[in-house]
Amino acid sequence: MNDEMRRACGARGGQFVALAARMRFRQLTIVLVLAMACDLPRDTDGAMERARGGVLRVGVADHPPWDSVTTNTVSGIEPAVVTAIASTLGVTPTWRRGSESELLEALERRELDIVAAGLTAASPWATRVAFTRPYRTDQRGEGHVLALSPGENALLVHVERYLHDHYSVKDTVGRQ
Amino acid sequence: MSFGRPFRFPARQQAQRHHAARLSWISIGLLTSTAIAVYLTLGQSEAMKTAWVEDLLGMVPPMVVLGALKLENRAPSERFPYGYFRAVSIAFLITAAVLALAGVWLLLDSVMKLLHGQRPPVGTMTVFGHVVWAGWAMVVALLYCVVIGYLLGRAKRPVADTLNDRALYADADMNKAGWMSEGAAIAGILLIGYGHWWGDGLAAAFISVNIIRDGWVNLRQVVGDLMDEAPTHIGGQELEDLPARLKERAEALPWVRQAAVRLREHGHVIAGEVLIVPCDETDLVGRIERATEMLTKMDWRIYTLTMMPVSRLEGGVMPQQPAASA
């Protein structure tokens with residue numbers, strides 16, 4: 001269903017008009033509603049548009065092996081994931097280093113778009129910021145997630161699609 | 001004449017009672033399914049949470065109706081000489097109180113979240129291997145609830161009318177409030193979809209106001225019932241003219257000079273007293289027994305009617321519309 005919807009969204013204007021001309025009013029209404037609904041959800045604060053425009057603010061807290069942060073470098077599993085997602089939007093992340101709580105508070109105030117801090121789905125922050133679906137499991141069996149600023153649902157859906165397509169929660173990451 | 005006789009519902013009402021019981025079982029089953037559907041798609045949406053709570057609460061009235069239908073037909077006993085008809089009212093009082101309190105809690109919760117500006121994250125769900133926005137799943141679940149609630153409410157109304165069943169009537173009302181607020185929740189989800197985060201909280205607040213209104217209306221009805229309010233038209237505040245008709249009928253008897261009637265509702269049925277001033281005391285006992293029987297037949301709901309001869313009626317009649325009923 002979803003692929004079809006995406007395909008319909010991708011239809012060129014001319015094709016769409018030709019198609020519309022052959023349809024009855026009710027069918028036309030349904031297609032129009034679907035077409036309008038294709039770009040749902042939208043962000044409440046435009047994170048996706050900002051990312052497409054070249055700005056993606058990512059907070060990263062030191063939490064090896066998920067996130068390794070030094071004064072000059074950011075590396076680890078999560079920065080790699082975030083960089084890969086950012087590249088699908090044609091943007092390079094702007095990293096901000098900090099402690100987990102400091103970054104998550106900034107995220108809640110929408111000063112950041114994504115926080116990578118080796119968070120698990122069981123974190124109490126789950127009700128204050130938007131957690132993605134778990135995409136990897138640690139050795140204790142906890143699913144790991146990225147955190148997004150709450151209400152930025154277009155970006156959230158984009159990130160979750162990417163995670164679904166490229167990672168599996170069944171993969172376990174060992175502690176090093 | 002005996003205190004101990006069980007009430008026999010007329011055939012039509014008896015059939016409707018079975019129908020009401022069946023509808024209640026169907027309600028419990030379907031509302032369980034809607035509650036599961038909403039729970040599976042719940043996410044972090046405030047409106048969804050509120051709709052879910054309303055679904056769960058919606059199961060209480062049918063359960064209460066079922067319990068009351070079972071209990072009320074028990075014959076009066078030494079311990080409960082007036083029978084078990086009030087079971088309906090008591091169970092209903094609990095439901096109404098729970099409804100009102102839950103509504104208040106949900107309203108506070110959603111208003112607080114609105115004031116704090118909490119933005120509901122709605123991510124994705126995997127449906128048959130496809131990643132879809134969870135909002136769509138919510139909308140589908142809610143649409144299912146709307147259809148169920150609409151059909152249940154519409155089916156219950158006529159049954160409640162024939163049975164004079166306030167509990168069932170309010171239950172139908174609750175189904176209606178339910179599907180309307182689930183419609184509001186759909187609007188809330190779509191508003192989130194369009195990036196208006198306040199849509200969710202606003203829809204939740206609207207739903208909870210609906211729940212509070214339900215609770216309040218039911219509370220008022222049931223408190224009236226427990227306060228021995230005169231029979232009122234179902235679904236309204238207006239007093240019935242049954243006491244006046246009984247009085248008129250009694251006074252039309254050639255041996256009666258004056259009559260006074262008071263009635264109260266016990267769940268489905270009506271109980272009351274008739275005072276009469278006879279002008280001819282020949283065969284008074286026999287006449288009273290026959291007159292009681294005649295008056296009892298005027299409305300199927302009349303369960304116990306006590307007729308008492310008196311030498312005079314002081315103060316004549318009661319004020320037509322006591323101010324307290326407003």
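Here is a walk through a predicted model of two protein chains, A and B.

Let's begin inside chain A, with strand β5, which covers residues 114-120. This strand is mostly covered: seven of its seven residues are buried. In a regular strand the side chains alternate between the two faces of the sheet. You can follow that pattern here, since Ile114(A), Ala116(A), Gly118(A) and Thr120(A) point one way from β5(A), while Val115(A), Ala117(A) and Leu119(A) point the other way. Whichever way they point, they are all buried.

Now, which strands pair with β5(A)? One is strand β1 of chain A, residues 57-60, which runs parallel to β5(A) and is joined to it by three bridges. If you want a spot to look for, find Gly59(A), which stands opposite Val115(A). Another partner is strand β8 of chain A, residues 143-148. Here four bridges do the joining, and the two strands run antiparallel. In this pairing, Thr120(A) stands opposite His144(A).

Step back to Asp113(A), in the loop between α6 and β5 of chain A. The side chain of Asp113(A) meets that of Arg50(A) in a salt bridge, with 3.1 Å from N to O. Arg50(A) sits in helix α4 of chain A, so this pair ties together parts that are 63 residues apart in sequence. Are the two partners buried or exposed? Asp113(A) counts as buried because its relative accessibility is 2%, and the cut-off for buried is under 20%. Arg50(A), at 27%, counts as partly exposed. There is also a third member to add: Arg50(A), Arg57(A) and Asp113(A) are linked in a network of salt bridges.

Before leaving chain A, have a look at the loop between β1 and β2, where Pro65(A) lies. Most residues other than glycine have a negative phi, and most peptide bonds are trans. The peptide bond from Pro64(A) to Pro65(A) is cis instead, with omega near 0°.

Next comes the place where the chains touch. Here 20 residues of chain B are in contact with 27 residues of chain A. The area buried between them is about 2000 Å², and carbon and sulfur atoms give 54% of that. Arg119(B), Val131(B) and Tyr194(B) supply 32% of the area that chain B buries against chain A, more than any other three residues. What kinds of polar links cross this interface? The rule finds zero salt bridges there, but it does find eight residue pairs in polar contact. On the chain B side, the elements that give two or more residues are β1, β2 and α6. Of these, β2(B) gives the most, with four residues. Sorted by class, this side of chain B has 11 nonpolar, eight polar and one charged residues.

Between β1 and β2 of chain B there is a loop, and Phe128(B) is found in it. Phe128(B) has a positive phi of about 50°, although it is not a glycine. It is exposed too, because its relative accessibility is 81% and the cut-off for exposed is over 50%. Asp228(B), in the loop between α7 and α8 of chain B, also has a positive phi, near 60°. At 32% relative accessibility, Asp228(B) counts as partly exposed.

Salt bridges may be missing between the chains, yet the structure holds 21 of them over all chains. Take Glu72(B) and Arg17(B), whose closest N and O atoms are 2.9 Å apart. Glu72(B) is in helix α3 of chain B and Arg17(B) in helix α1, 55 residues apart, and the pair links these distant parts of the chain. Both ends are covered: Glu72(B) is buried at 0% relative accessibility, and Arg17(B) is buried at 7%.

Another pair is Arg301(B) and Glu240(B), with 2.8 Å from N to O. Arg301(B) lies in the loop between α9 and β5 of chain B and Glu240(B) in the loop between α7 and α8, so the pair ties together parts that are 61 residues apart in sequence. Arg301(B) is buried at 6% relative accessibility, and Glu240(B) is buried at 15%.

One last stop is Pro158(B), which lies in helix α5 of chain B, residues 134-163. Pro158(B) counts as partly exposed, with 48% relative accessibility. The C-alpha atoms of Pro158(B) and Tyr169(B) are separated by 8.8 Å, and these residues are 11 apart along the chain.

Key:
Residues are numbered from 1 along each chain as its sequence is written. Chains are lettered from A and ligands numbered from 1 in the order in which they are written. This is a predicted model: local features need pLDDT of at least 70, side-chain atom pairs count only at pLDDT 80 or more; totals for chains, interfaces and linings use all residues. Side-chain values use heavy atoms; hydrogens and water are left out. Buried means under 20% relative accessible area, exposed over 50%, partly exposed in between (1.4 Å probe, protein chains only). Two strands pair if DSSP finds at least two bridges between them. Contact means heavy atoms within 4.5 Å. Buried area is the accessible area (1.4 Å probe) that two parts lose on being put together, summed over both. A salt bridge is a side-chain nitrogen of Lys or Arg within 4 Å of a carboxyl oxygen of Asp or Glu. A polar contact is a pair of N or O atoms within 3.5 Å; within protein, one must be able to donate a hydrogen and the other to accept it, and residues adjacent in sequence count only if both atoms are side-chain atoms. Ala, Val, Leu, Ile, Met, Phe, Trp, Tyr, Cys and Pro count as nonpolar, Asp, Glu, Lys and Arg as charged, and the others, Gly among them, as polar.
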